[in-house]
Amino acid sequence: MLLSITTTHAPATDLGYLLHKHPDRAQTYDLAFGRAHVFYPEAGESRCTACLVIDVDPVGLVRGKPGERTLDQYVNDRPYAASSMLAVAIARVFGTALSGICKPRPDLVTTPIPLEASIPALPCRGGPELLRRLFEPLGYTVSAVTRPLDTAFPSWGDSAVIGVSISGTVTLTDLLSHLYVLIPVLDNEKHYWVGDDEVAKLLRHGEGWLARHPERELIARRFLKYRRNLADECIRQLREQDGDAQADIDAESTVDPREEEGERKLSLHQQRHGVIVSVLEARGVRRVVDLGCGEGHLLRDLLSRPFFEKVLGMDVAHRSLEIAADRLHLERLPPRQRERIELIHGSLLYRDRRIEGFDAAILCEVIEHLDEPRLEAATEVVFRVAKPGLVIVTTPNREYNVMWESLTAGATRHKDHRFEWSRDEFRAWADTVCARFGYSCETSGIGDPGITPDGHAVGCPTQMGVFSRVT
Ligand code: SAH
């Protein structure tokens with residue numbers, strides 16, 4: 001089982017300080033399941049590589065254990081395929097580096113440096129696709145080499161054990177934390193008992209990144225080996241952490257408690273963003289502007305998908321932009337990620353060159369915040385002046401409001417909504433826009449459609465218009 005970590009930071013031998021392992025010495029550690037060796041196959045000024053090799057003793061692993069012996073206890077991939085044992089070894093051998101301690105060079109610990117980690121054989125249950133979904137949102141470039149299960153039998157397909165290399169500009173502590181958490185998630189077979197303290201361990205090593213990871217639930221469930229009560233508790237805490245920034249938005253919050261109650265039940269926010277992202281991907285959109293981006297929830301989804309080359313968020317509310325910047329951890333993003341995203345302060349009511357030249361514009365739950373003359377101005381700005389090839393508009397479907405018990409009859413979902421349209425009203429507005437500005441529009445619904453007790457179909461809670469420029 002092998003993990004190698006390479007840096008091209010100058011001087012590259014700083015890696016020795018960070019790992020607390022001298023490049024000139026090979027060291028060996030005894031572990032419960034074998035021995036770990038650390039050595040540097042190269043240690044120059046411009047490039048330095050540290051290797052962690054784990055010599056697993058598969059026979060020792062079963063010795064003294066009660067029960068019947070089976071062949072696969074002796075003949076298995078444990079000696080060479082990276083598994084949760086590698087994570088255990090990282091914590092044991094590189095524990096100081098993992099906790100972000102480097103007394104002789106404290107400045108180094110917090111400096112992102114170019115790092116590459118390679119694992120020649122990593123079981124990935126979920127394949128290269130899951131590997132990417134786990135590491136790319138953290139800013140890594142991922143490369144995966146798949147191999148046939150057996151070259152003599154091509155029809156057997158590829159092995160789940162793949163060669164993995166991830167590279168990025170990150171701190172060594174972050175890299176080790178990501179590996180520590182995500183290797184067992186990919187392996188998905190814990191070789192040790194999952195105790196209650198695993199939640200604390202996961203939260204500790206996931207600090208600063210796991211709460212906002214798009215796959216946080218899958219990560220928690222797999223890491224905790226599907227121990228449901230532990231995973232639920234962990235996910236609850238992660239959600240709470242992610243909502244921290246939300247806690248200090250008092251009256252200025254863009255989320256109305258009335259709307260929030262319904263949204264929580266339906267998780268409509270996420271459904272909307274999921275649908276928008278899939279429309280953008282299906283249409284091959286690379287450069288996208290989110291107009292009235294609010295606190296940046298959709299921006300975060302967009303940023304986590306490398307497919308989108310440029311993501312711009314604009315909002316009129318300073319406070320929302322501050323929260324978005326915080327939520328996206330803009331200051332800590334590696335440079336390549338940082339270049340993909342921009343937040344600007346601006347208003348939809350005025351022509352603004354910064355929002356021109358994008359493939360698509362999103363107005364997600366924004367138009368209903370504008371009164372009629374303002375909506376007219378915003379429509380001109382988006383469809384006549386900026387005129388991207390694709391515009392996606394979502395807005396509440398008023399007909400659905402009867403489904404929400406907490407809403408009194410006739411009330412809007414949010415105190416700042418100037419209107420909420422029925423499906424016909426939305427369609428009529430969309431038709432006018434198409435006729436005036438040369439677009440075609442498909443309207444549809446998002447969220448589960450509602451039927452009242454007397455059998456009246458009220459449509460979906462959110463309605464969406466996908467406008468395509470015709471000329
Ligand atoms: N699109 C986000 C936020 C919706 S709330 C989401 O789906 O979560 C509506 C947002 O529109 C608020 O953030 C508000 O500040 C913004 N907004 C309202 N009027 C605006 C204007 N004239 N120009 C730009 N943004 C505006």
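How many strands form the open sheet, and in what order? The views below are of a predicted model.

**View 1. The open sheet has seven strands.** Their order is 2-3-4-1-5-7-6, and the pairing is antiparallel. Strand 2 (27-31) and strand 6 (141-145) are the edge strands, each pairing on one side only. From one strand to the next, the twist averages 15°.

**View 2. Strand 1 pairs with strand 5.** Strand 1 covers residues 2-7 and strand 5 covers residues 113-123; the two pair in the antiparallel sense over four bridges. I5 has A117 of strand 5 as its bridge partner.

**View 3. Helix 4 (residues 84-93) packs on the sheet.** Helix 4 touches strand 1, strand 2, strand 3 (34-43), strand 4 (48-56) and strand 5. The direction of helix 4 makes about 120° with that of strand 4.

**View 4. Helix 7 (residues 127-135) also packs on the sheet.** The strands touched by helix 7 are strand 5, strand 6 and strand 7 (161-170). Between the directions of helix 7 and strand 6 the angle is about 160°.

**View 5. Helix 8 (residues 172-187) packs with helix 10 (residues 216-223).** The axes are 9 Å apart and the packing angle is about 75°. Angles of 65 to 115 degrees count as roughly perpendicular, and helix 8 and helix 10 are therefore roughly perpendicular to each other. Helix 8 contributes Y180, V181, L182, P184, V185 and L186 to the contact, while helix 10 contributes L218, I219, R222 and F223. Of the residues in this contact, nine are nonpolar, one is charged and none is polar.

Key:
Residues are numbered from 1 along each chain as its sequence is written. This is a predicted model: local features need pLDDT of at least 70, side-chain atom pairs count only at pLDDT 80 or more; totals for chains, interfaces and linings use all residues. Side-chain values use heavy atoms; hydrogens and water are left out. Axes are lines fitted to C-alpha atoms, for helices over the stretch in contact, and angles run from 0 to 180 degrees between N-to-C directions. Angles under 35 degrees count as roughly parallel, over 145 as roughly antiparallel, 65 to 115 as roughly perpendicular and the rest as oblique. Contact means heavy atoms within 4.5 Å. Ala, Val, Leu, Ile, Met, Phe, Trp, Tyr, Cys and Pro count as nonpolar, Asp, Glu, Lys and Arg as charged, and the others, Gly among them, as polar. Two strands pair if DSSP finds at least two bridges between them.
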